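Morning, everyone. Let's get the structure up on the screen, and then I'll walk you through it piece by piece.

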Amino acid sequence: MEYVLFYAQGDDTLPYVPAEDNVGDWVDEVEARGVSEYGERLRPAQDATTVRVRGGEVLVVDGPFSEAKEAIGGFDVIDARDLDEAIEIASRHPVASFGRVEIRPFVQWPDAEPGSRVVPTGFAGRPVRGRRYLMLVVAEPRDEQAAAADDASEDDDPEAWVREMDGRGVRKFGEVLRRPGDATFVRRRHGEVLVTDGGFAEAKEWVAGFDLIEVRDLAEAIEVAAKHPMARGGAIELRPLWPFDVHEDHVARAEREAADLAVRLEPAAAEALAGAAL
């Protein structure tokens, strides 16, 4: 069964210690077991761009869809036997020792082809020919959805969006997730694995699905996001990938990247919107 693992800080975040980061060993293990499909680190939250469409107008802001400190820092798509194995895999990830890992199952479609997977076979080895973003599809509070009902149109068909973006070669993969009540949160503290079922009750917004897109730049990413039906009544958060060598010296990497952690490296959302083909 396929799951996405989202990595975030959580409510009881501990300091990240680069010298104790064993993510390379974790990656080697899950790949050897054949459960890994694809995963990447994401640029920090200040490099997120949030896209909404209200009253026919495309609205963009710098930053994530929510001010909550649990911003997603990375993800992996895995294919485990069951939730127990997914929990075991998640508990071994280094983020579990200082943050938390959220396990989210995908929606199981009755007409899906037998043996089909979210991530195309061999995708991890394909060359990158553009700029890749994780496009988080966000469901917002019901009152916000109701206020945006006037933006709905006959063209608001997610499958039509998928067909268009697949045809353009922009969308690489993606899928709908089951609701937050089916989420499982995993942390490791003082050698003990802590497992919590269900979503955060206080969360107003939640990630309903995601797509990995490959585009020329942020302007094209905004254009792609604005066409998604969930931009009306919900939000689309664009997060650029932040690849790194999982086997490098993480102390040296952390020192090298320290200057980037509080600086937005993406173009300003408003400037990118001005160059979008909308």
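**A loop, two sheets and a pocket**

Okay, let me start with L265, which sits in the loop between α6 (250-257) and α7 (269-274). Before I go further, a reminder that this is a predicted model. So what does L265 touch, once we leave aside its neighbours within four places in sequence? The contacts are R43, D47 and D260. If you try D12 instead, L265 is 253 residues away from it in sequence, and the C-alpha to C-alpha separation is 28 Å.

Right, on to the sheets. Here's one: an open sheet of six strands, in the order β2-β5-β1-β6-β9-β10, with antiparallel pairing. Which strands stand at the edges? Those are β2 (36-41) and β10 (192-197); each has a single partner strand, so one side of each has no neighbour in the sheet. Going from one strand to the next, the twist averages 20 degrees.

Zoom in on the β10 end for a second. β10 pairs with β9, residues 184-189, in the antiparallel sense, and there are six bridges between them. If you want a pair to click on, take R189, whose bridge partner in β10 is E192. Then look at what lies across these strands: helix α2, residues 83-92, covers β1 (2-8), β5 (74-79), β6 (100-105), β9 and β10. α2 runs at about 40 degrees to β9.

Now swing round to the other six-stranded one. It's an open sheet too, in the order β4-β3-β12-β7-β11-β8, and the pairing is antiparallel. At the edges you find β4 (57-62) and β8, with a single partner strand each, so each is left with one side lacking a neighbour in the sheet. The twist here averages 20 degrees from one strand to the next.

Within that sheet, strand β3 (residues 49-54) and strand β12 (residues 234-240) pair antiparallel over three bridges. T49, for example, has L238 in β12 as its bridge partner. Two helices pack on this sheet, so let's take them in turn. α4 touches β7 (131-139), β8 and β11, and its direction makes about 160 degrees with that of β8. α5 touches β3, β4, β7, β11 and β12, and its direction is at about 40 degrees to that of β3.

How do α4 and α5 sit relative to each other, parallel or antiparallel? Their axes come within 10 Å and cross at roughly 155 degrees. Anything over 145 counts as roughly antiparallel, so that's what we call α4 and α5. On the α4 side the residues are W161, E164, M165 and R168, and they meet E220, E223, V224 and K227 of α5. By class, that contact has three nonpolar residues, no polar ones and five charged ones.

Last stop is the second largest pocket, which holds about 820 Å³ of space. It has 30 lining residues, and the closest to the centre are W109, E159, G174, E175 and V176. Which element gives the most to this lining? Our friend α4 again, with five residues. The elements that each supply at least two lining residues are α4 (158-168), β8 (171-176) and β11 (206-215). As for the chemistry, the lining splits into 15 nonpolar, five polar and 10 charged residues.

That's my tour. Shall we open it up for discussion?

Definitions and conventions
Residues are numbered from 1 along each chain as its sequence is written. This is a predicted model: local features need pLDDT of at least 70, side-chain atom pairs count only at pLDDT 80 or more; totals for chains, interfaces and linings use all residues. Side-chain values use heavy atoms; hydrogens and water are left out. On a 1 Å grid over the protein atoms alone, a cavity is a set of points where a 1.4 Å probe fits but cannot get out, and a pocket is an open set with protein on both sides within 12 Å along at least five of seven lines; lining residues have an atom within 4 Å of a point. Grid points are joined across faces, edges and corners, and a volume is the space filled by probe spheres set on the points. Helices (H or I, at least four residues) and strands (E, at least two) are DSSP runs, numbered from the N terminus. Ala, Val, Leu, Ile, Met, Phe, Trp, Tyr, Cys and Pro count as nonpolar, Asp, Glu, Lys and Arg as charged, and the others, Gly among them, as polar. Axes are lines fitted to C-alpha atoms, for helices over the stretch in contact, and angles run from 0 to 180 degrees between N-to-C directions. Angles under 35 degrees count as roughly parallel, over 145 as roughly antiparallel, 65 to 115 as roughly perpendicular and the rest as oblique. Contact means heavy atoms within 4.5 Å. Two strands pair if DSSP finds at least two bridges between them.
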